[in-house]
Amino acid sequence: METGNTFSGSGICLLLVISVVLAKAVDNTEGNTAASEKAIRLSQSLCAGEQEYVHKRKRVVLESLSSLGINCTTDSVPHIALLASGGGQRAAVGLVGSLYQMEKEHLLDTLLYLGSVSGSTWSMSSIYSDPQWSDSLDTAVSRLSGPGVPLEEALAWLGERAKEEHFSLSDVWGVLTSAGIMKQMDLRRLSDEASRNATNPYPIYSAIEKHCYSHGPIQGKWFEVSPHEAGFTELGLFISTSLLGSTFQNGELLEEKPEMDMVKLQGILGCALAHEETIKDLIPPWLNVPGQVDSAAEDYLRVYNALNTLVALTRSTIKDPTALSDLDKLQKILEDRDMLNHNKSVWLESESSEERKSLSGQWSLELLAAVQTWSQSLEDGPVSLLTKQVLPMIMKWEWGTTGNFLYQYQDSTVPPYLRSTERFHLTDAGLLINVGYPSFLGEKRDIDLIIAPEYSAGNMFETLTLARDYAAEVNKPFPEIDAKILEERDWPKGCYVLKGKEKEPTIVYMPLFNRHNCKDAAEFKAKMEEFSTFQRPYSQEKIEFVLETAKANIKTNKETLLREIKKAVLRRHNKI
């Protein structure tokens, strides 16, 4: 139904605006019991469902290789995975462009697996809503520029989630990314894909457990979700994906709850805002010096900058006159209370951290009071309705709240935290490694070749070095990184091949912006800044630019990809 007010990130962005303010104010071994055998699987091998899917998918890969003139037998079908990095909407759009060109170059069906992290999970989940998407990505491309989802539809979904036990800000973020960026409310369940044929690569989504990410151990950090299973990669503990969020105790399923839909899952997988480290992106240059930023200042900066950015985002998309008027009032509040920049000299002249703490605390309280007054003055309407739905939950500042299937699980290998809490918090895996390497290293999936289009912001090659270090810590193979490559981070080439030996996978690493599309390091830096992760939804021009850039990278590097695919066939043949 067409309405005059569509949801394209607007209402939910405002919800996140208020949330920031209020929140910061205040194989090998089986289970021990029959119950755990049924509910929790302890193994470092593929589950039966994934094995069956992969077996079927290999027939598709074999046919694809034959069409490319690559000789291959059923036993020597290589295990090839495309692992898309995170990177907000840049990653979401870039992945669509990469896959589109892979299909045009007849390379898509060589993929056994497709993995995503953070922003790329947004488009990957959207793409898989079409059971036959590998045949044509035209629909996925056109959807990126389509109309927004009706606001009423998004509000109805959010209202239903607010009634649930595990309602969190990830639900809000899920609506934002699904309806506002991917232009789709995908209400299917991931486990629905378990019964599909093998037309598409097998999808693996990644998250991390927030507490273990911050406090360890490493075995409790990486979490993977597939159509068949969800669980901790390094612990080897999994449940059926349909049971993620259900109530467990001592390895037994006590209460089965409805499986989360893709909107909610998308909010969990791609919510970098959930972690406090995002404050690093909000500190103004003049303040980003040692000794000038403490926790109180960080709270104020996080509140103010998130408000300012998200209000700008809301203003660019909302159409409702009343809501626009409300935003004008809030924008005026922000302009009047940009205390750090209005009082720059006062801050720099403060003589102690206690004095700065007092200043930032006072400014935070004043800003909070003004925003609360603004919120209370809202007339009934979409903004007011959104606010009322989530305010009781927002004070907790919870993200990714999920029922913990390892609660009181009797196994000493499980970190104490995971055994002692009824709920854990799943969040954006890009905070740890912005590519899903952990799920694809080692013998479990035995990957021969990883195609890694890089859409990340920040330091180029960081995903590789972090993955290398992670692999070393968990004793899994990873190819050597030539130190000379790292010297090119300020102006990278369009393609690098990290050659795997024996059990190490080969990695074809392809930065989105590179020497083919940036004439020098200055232009590379400018492009990275122009398409930064945290900004308002892309204009049509920006969407087209990222799409075409990603397509061109695949087309430019087709011969390299073909060469490495042929090598992967030989590698697999030698393993027989």
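Two strands count as paired if DSSP finds at least two bridges between them, and in this predicted model strand β4 (residues 113–116) can be followed through its pairings on that basis.

Strand β4 is joined to strand β3 (residues 80–84) by four bridges, the two running parallel, and four bridges likewise join β4 to strand β6 (residues 202–209), again in parallel. Individual residues give the register of these pairings: Leu114 stands opposite Pro203 in β6, while Tyr113 in β4 has Ala81 opposite.

| Strand paired with β4 | Bridges | Direction |
|---|---|---|
| β3 (residues 80–84) | four | parallel |
| β6 (residues 202–209) | four | parallel |

Both faces of β4 are covered, since Tyr113 and Gly115 on one side are buried, as are Leu114 and Ser116 on the other. The connection between β3 and β4 passes through helix α4 (residues 88–104), and the three elements make a right-handed β-α-β unit.

Helix α4 also holds Arg90, and which side chain of opposite charge is nearest to this residue? The nearest is that of Glu454, 7.3 Å away, and Arg90, although buried, has no salt bridge. A salt bridge requires a side-chain nitrogen of Lys or Arg within 4 Å of a carboxyl oxygen of Asp or Glu. The side chain of Arg90 does, however, reach the backbone oxygen of Tyr455 at 2.5 Å. Leaving aside residues up to four places away in sequence, Arg90 touches Tyr455, Ser456, Ala457, Leu512, Phe513, Phe531, Ser532, Thr533, Tyr538 and Val546, so that Tyr455 appears both in this set of contacts and as the residue whose backbone oxygen the Arg90 side chain reaches.

Conventions:
Residues are numbered from 1 along each chain as its sequence is written. This is a predicted model: local features need pLDDT of at least 70, side-chain atom pairs count only at pLDDT 80 or more; totals for chains, interfaces and linings use all residues. Side-chain values use heavy atoms; hydrogens and water are left out. Buried means under 20% relative accessible area, exposed over 50%, partly exposed in between (1.4 Å probe, protein chains only). A crossover is right-handed if, with the strands pointing away from the viewer, the path from the first strand over the helix to the second runs clockwise. Lys and Arg count as positive and Asp and Glu as negative; His and the chain ends are not counted. A polar contact is a pair of N or O atoms within 3.5 Å; within protein, one must be able to donate a hydrogen and the other to accept it, and residues adjacent in sequence count only if both atoms are side-chain atoms. Contact means heavy atoms within 4.5 Å.
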